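Consider the charged side-chain contacts and the enclosed space of the protein shown here.

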Amino acid sequence: MWELISTIDFSPLFLSMKTGILATIFTFFLGTGAARGVMKLNHRTKSIVDGILTLPLVLPPTVAGFFLLLIFSLRRPFGAFLWENYHVKMVQTWSGCVMAAFVIAFPLMYRNARAAFEQVDVTMIYAGRTLGLSERKIFWKIIVPMAAPGLASGIVLSFSRAIGEYGATTMLAGNILGKTRTMPVAIASEVSAGNWEIAGFWVLVIVTISFIMVVFINLVSGKSNQDVSGW
């Protein structure tokens, strides 16, 4: 085992963790903001916008990666604009890894945040307004604390999904060792090369991280239910 570990390049682990952390930060703020904004729409508009924001959750990741490639390719207007004006490039770069992970993980944060916000007691919001609190203070001091368990679950699920993203990542960022090869991409690469031991090592790492995330979600959900029931 130690001989195997000594031969492994750990850059996929570091790339996956960096990608997961940064993508999760983006999904938290944008997903939470989107969930709050969608709740203020009328029913018909809400259904349409909700479908668009949730679409990456049900699409095959390769399809999402195809659309990302169409958008950010240097041969396309938007991708060329980013490169020529801001020197921002998504294709075959680590930024592409983050973008792919963000797009795939975003619906999980959005759906969890929206569900958490919908369960907030509206009487507490009305009480805050009666006390003269601004909508911003009501959101951060009343809504967010009450929705914290659901938001925490969304963060954990988004991070787990981000570090496990493969299809969209390979479509947009490719498979460059030390640059865009994350752990899921490394697994596919090692299996293709016949290096089953190294592929198994990365599988074990991802399974371990995922298990820890699931346990954390259960602990958060269990604590929330205990607080509500009073037991």
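The report below takes up the salt bridges and then the internal cavity.

This is a predicted model, in which local features need pLDDT of at least 70 and side-chain atom pairs count only at pLDDT 80 or more, while totals for chains, interfaces and linings use all residues. Residues are numbered from 1 along each chain as its sequence is written, and side-chain values use heavy atoms, with hydrogens and water left out.

A search of the whole structure finds four salt bridges, a salt bridge being a side-chain nitrogen of Lys or Arg within 4 Å of a carboxyl oxygen of Asp or Glu. Asp50, Arg111, Arg114 and Glu118 are linked in a network of such bridges, including the pairs tabulated here.

| Pair | Closest N and O atoms |
|---|---|
| Arg111 and Asp50 | 2.8 Å |
| Asp50 and Arg114 | 2.6 Å |
| Glu118 and Arg114 | 3.0 Å |

Aspartate 50 lies in helix H3 and arginine 114 in helix H6, so this pair ties together parts 64 residues apart in sequence; helices are DSSP runs (H or I, at least four residues) numbered from the N terminus. Glutamate 118 and arginine 114, by contrast, both lie in helix H6, four residues apart. Aspartate 50 counts as buried at 13% relative accessibility, and arginine 114 likewise at 14%, whereas glutamate 118 is partly exposed at 48% (buried means under 20% relative accessible area, exposed over 50%, partly exposed in between, with a 1.4 Å probe and protein chains only).

The largest cavity (a set of points on a 1 Å grid over the protein atoms alone where a 1.4 Å probe fits but cannot get out) holds about 40 Å³ of space, the volume being that filled by probe spheres set on the points. Among its lining residues, which have an atom within 4 Å of a point, are Ser16, Cys97 and Glu165.

How values were computed. 1 Å grid on protein atoms, 1.4 Å probe; cavity = no way out; pocket = protein on both sides within 12 Å on 5 of 7 lines; lining within 4 Å. Helix = DSSP H or I, 4+ residues; strand = E, 2+ residues; numbered from the N terminus.
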